[in-house]
Amino acid sequence: MAISFNSPQFIFFLVVFSVFYAFIQKKEFLKHLTLIFAGAIFYYFAGLENFLLLLSDLVLTFTFVFLMEKFSKYRKLIFIFLLVKKVTVLVFYRYTQNFEDTTAFPAGLSFYTFVSISYVTDVYLGRTTALKFKNFFSS
């Protein structure tokens, strides 16, 4: 079941999520978990392939950014690997899918990819440190 931004299912999901989120504003950890859970549900209903793509990229990015900080000798190699991997996925989905089928391109993939590249670059350049696990998914 694909879900789109203008479907009644999405509007219902957004309203329920917004009301719940409004009640937990002061609980930082619960806010993070809620954002993770809501994002995962949305991507799952957008299509299992999209959910698995997002989940695998999150885990890969988290792991390799951690390794980038831990093993400074391989920092540049890890950075280049992550950049090539992220751009390759974006190019694959953007240019190998049927241009007529808008559901073939995962929702928000470009935005997520560029934000993720920005994060990886900031860690590589020393502008920020790797996020802790609980904060990583909701950044």
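This is a short talk on one protein chain, its helices, its aromatic pairs and its cavity.

Hi everyone, and thanks for coming. Before anything else, please keep in mind that we are looking at a predicted model. How confident is the predictor in it? The mean pLDDT of the protein chain is 79, and 80% of the residues reach 70 or more. Confidence varies along the chain, though. Among the elements, helix α4, residues 75–95, has the highest mean pLDDT, 89. At the other end sits helix α6, residues 133–136, with the lowest, 53.

Now the overall layout. How many helices and strands are there? We have 6 helices and 0 strands, so reading from the N terminus the elements simply go α-α-α-α-α-α. The chain has 139 residues, and 30% of them count as buried.

Let's look at some aromatic rings. The count of aromatic pairs comes to 4. Take Phe13 and Phe17: their ring centres are 6.5 Å apart and their planes sit at 15°, so this pair is stacked, since planes under 30 degrees apart count that way. Where are these two residues? Both belong to helix α1, residues 8–23, and they are 4 residues apart, which puts about one helical turn between them. Phe13 has a relative accessible area of 21%, so it is partly exposed. Phe17 has further company, too: ring pairs join Phe13, Phe17 and Tyr21 into a cluster.

Another pair I'd like you to find is Phe79 and Tyr124. Their ring centres lie 4.1 Å apart with the planes at 10°, so they are stacked as well. This pair connects distant parts of the chain, because Phe79 is in helix α4 and Tyr124 is in helix α5, 45 residues apart. Are the two partners buried or exposed? Phe79 has a relative accessibility of 12% and counts as buried, because the cut-off for buried is under 20%. Tyr124, at 22%, counts as partly exposed.

Let's stay in helix α4 for a moment, since Lys86 is found there. Is this lysine buried or exposed? Its relative accessibility is 3%, so Lys86 counts as buried. What does its side chain touch? The side chain of Lys86 makes a polar contact with the side chain of Thr61, at 2.6 Å.

Next, a look at helix α2, residues 28–46, where we find Ala40. With a relative accessible area of 24%, Ala40 is partly exposed. Which residues can we place around it? Phe51 is 11 residues away from Ala40 in sequence, and the C-alpha atoms are 6.8 Å apart in space. Leu55 is 15 residues away from Ala40 in sequence, with 8.3 Å from C-alpha to C-alpha. Leu55 itself is found in helix α3, and its relative accessible area of 37% makes it partly exposed.

My last stop is the empty space inside the model. Rolling a probe the size of a water molecule over the atoms shows where empty space is left. How many cavities of 30 Å³ or more does that give here? The count comes to 1, and about 90 Å³ of space lies in this cavity. Its lining is made of 12 residues, and those nearest the centre are Leu53, Asp57, Leu109, Tyr112 and Thr113. Which elements give two or more residues to that lining? They are α3 (48–70), α4 and α5 (109–125). The biggest share comes from α3, with 4 residues. By type, the lining divides into 7 nonpolar, 2 polar and 3 charged residues.

Let me leave you with a few places to look for in the structure. Find the stacked rings of Phe79 and Tyr124, then the contact between the side chains of Lys86 and Thr61, and then the cavity with Leu53 and Asp57 among the residues nearest its centre. And when you reach helix α6, remember that its mean pLDDT is the lowest among the elements, at 53. Thanks for listening!

Key: Residues are numbered from 1 along each chain as its sequence is written. Side-chain values use heavy atoms; hydrogens and water are left out. pLDDT is the predictor's confidence in each residue, from 0 to 100. On a 1 Å grid over the protein atoms alone, a cavity is a set of points where a 1.4 Å probe fits but cannot get out, and a pocket is an open set with protein on both sides within 12 Å along at least five of seven lines; lining residues have an atom within 4 Å of a point. Grid points are joined across faces, edges and corners, and a volume is the space filled by probe spheres set on the points. Ala, Val, Leu, Ile, Met, Phe, Trp, Tyr, Cys and Pro count as nonpolar, Asp, Glu, Lys and Arg as charged, and the others, Gly among them, as polar. Rings of Phe, Tyr and Trp (its six-membered ring) pair if their centres lie within 6.5 Å; planes under 30 degrees apart count as stacked, over 60 as edge-to-face and the rest as tilted. Buried means under 20% relative accessible area, exposed over 50%, partly exposed in between (1.4 Å probe, protein chains only). A polar contact is a pair of N or O atoms within 3.5 Å; within protein, one must be able to donate a hydrogen and the other to accept it, and residues adjacent in sequence count only if both atoms are side-chain atoms.
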